[in-house]
Amino acid sequence: MAAAALAGCGGNIIMPSPMVETIQLSQQEISVCAGETEPVSVSFAPVGSSSPVEWTSDDERIATVSIIGVVTGVAEGTVKIHAKATRNARAVAECLVNVLPERIPDVLVSSIKFAETSWELEIGDTFNLSEQITVLPEDAANKSVTWNSSKPEVATINGTGLLTAMSAGTTIIKATANDGSGVYSSCSITVKGSEQGGDDPVDPGSDPAADPKVTMFDSCDNMDNITQNPKHRTGMTVETIGRQEGKGYIQRISGTDAEIFIIGRQEAIDSKIKDKSKGHLVFYFYIDDAAKLKSKAGAGGRIEISQSGSPSLQCLYWDSQKYLANKVQDGWNYIDLPFSEGTEITPDNPFNQAGAKYFRIYFNGQAASIEFTYGLDAVGFYEDE
Ligand SMILES: [Ca+2]
């Protein structure tokens, strides 16, 4: 009758919690450095039981444990900590704590020195600046630097510090420590020469777009295939100085939306790729402020190639943030996108590399609401040997 009366109340039947019988710790053994903490948590059996827990350390000169089970390393050594359920003195558990020596903070870079404050080069010269800097102190944990050229049209610099003189003028090269110390140093590079405009062709040996194995999709030497909506073509020009291939490249300054480049050919191009799994899309991409692009581009967006003339069908794409914004450095970047890393928009109507007509780069977010300068040159395809 009592059960019927309880059920009649319309509420849940409240059962008393079972008595805790055993307790278990999340770890039986932990390591923690002196001066650092590591939490240990506790669970109770049977299910539904619980109890306040009393934590103790066998030797607080080696490690202490807080009232909620956070272990703090004090000095190098080994010690046991114990947990006891206050509602059942037989419900106990322990954890072995290895306290390691105190961690010594990384030594940060204190200075970067260039061997000279300025150099003069001829158009077409290359020069390895990484051999011209001294990063101190000698025992700095991370002595790598990021390179930047204030005028990439005068000289570009790649991630390893290899400088390439492009056209007459002066540019400031900056090397910034990658260890978060904020240390940087600059030098000046003056490129001499009457051959203004970078008439020297890029060395074919180091220019994959000039490699005979690359089938050119678009040389970006004119605007013929750039099919962006006219209202989006603001600031788009063909430039010759600083080009990477052919007669010119497409430059865009401060667009009005997040679509950067769209190439839509009248005629499909045969990419010459026989085995799609070995195909690559390649192009040169210029950005004057890679950090801003990365922070403002917004997640997602795509680099697309398709043969439908529409981005929604027979399309292979790569995430713009992952494959472009997060990778590029200031200046020209050679982008190589393996087909194997791309995604098919419609797998049952897949991209056919023999009929490519359409190329597009866009970013979600506010990429074009800022004063960026972008460049695009030499969009092409190649196949792994
Ligand atoms: Ca070109």
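Here are three short exercises, with worked solutions, on a predicted model.

**Exercise 1.** Find which strand gives the most to the largest nonpolar core.

*Solution.* Start with the core itself, which has 44 residues. Next, pick out the members that touch the most others: Phe283, Tyr284, Phe285, Ile287, Ile305, Leu376 and Val379. Then turn to the strands: β23, spanning residues 279-287, is the top contributor, with 7 residues. Finally, take a look at another core lying apart from this one; it has 19 residues, including Val135 and Met166.

**Exercise 2.** List the residues that Val379 is in contact with, leaving aside its neighbours within four places in sequence.

*Solution.* Set those neighbours aside, and look for C-beta atoms within 7 Å. For Val379, this leaves Phe217, Asp218, Cys220, Ile263, Phe283 and Phe359.

**Exercise 3.** Walk across the open sheet of 5 strands and work out why one side of β22 and of β27 is left without a neighbour in the sheet.

*Solution.* First, write down the order, β22-β28-β24-β25-β27, where the pairing is antiparallel. Now follow some of the pairs:

- β28 (residues 356-362) and β24 (residues 302-306) share 5 bridges, and Ile361 is the bridge partner of Ile303.
- β24 and β25 are also joined by 5 bridges, with Tyr317 of β25 opposite Glu304.
- β25 and β27 are joined by 2 bridges, and Leu316 has Glu344 in β27 as its bridge partner.

Last, check the edges: β22 (259-269) and β27 (343-344) each have a single partner strand, so one side of each lacks a neighbour in the sheet. As for β25 (residues 315-319), 4 of its 5 residues are buried, so this strand is largely enclosed by the rest of the structure.

Methods:
Residues are numbered from 1 along each chain as its sequence is written. This is a predicted model: local features need pLDDT of at least 70, side-chain atom pairs count only at pLDDT 80 or more; totals for chains, interfaces and linings use all residues. A nonpolar core is a set of buried Ala, Val, Leu, Ile, Met, Phe, Trp, Tyr and Cys residues joined through C-beta atoms within 7 Å. A residue is buried if 20 or more other C-beta atoms lie within 10 Å of its own, exposed if 12 or fewer, and partly exposed in between; C-beta atoms are placed from the backbone. Two residues are in contact if their C-beta atoms, placed from the backbone, lie within 7 Å. Two strands pair if DSSP finds at least two bridges between them.
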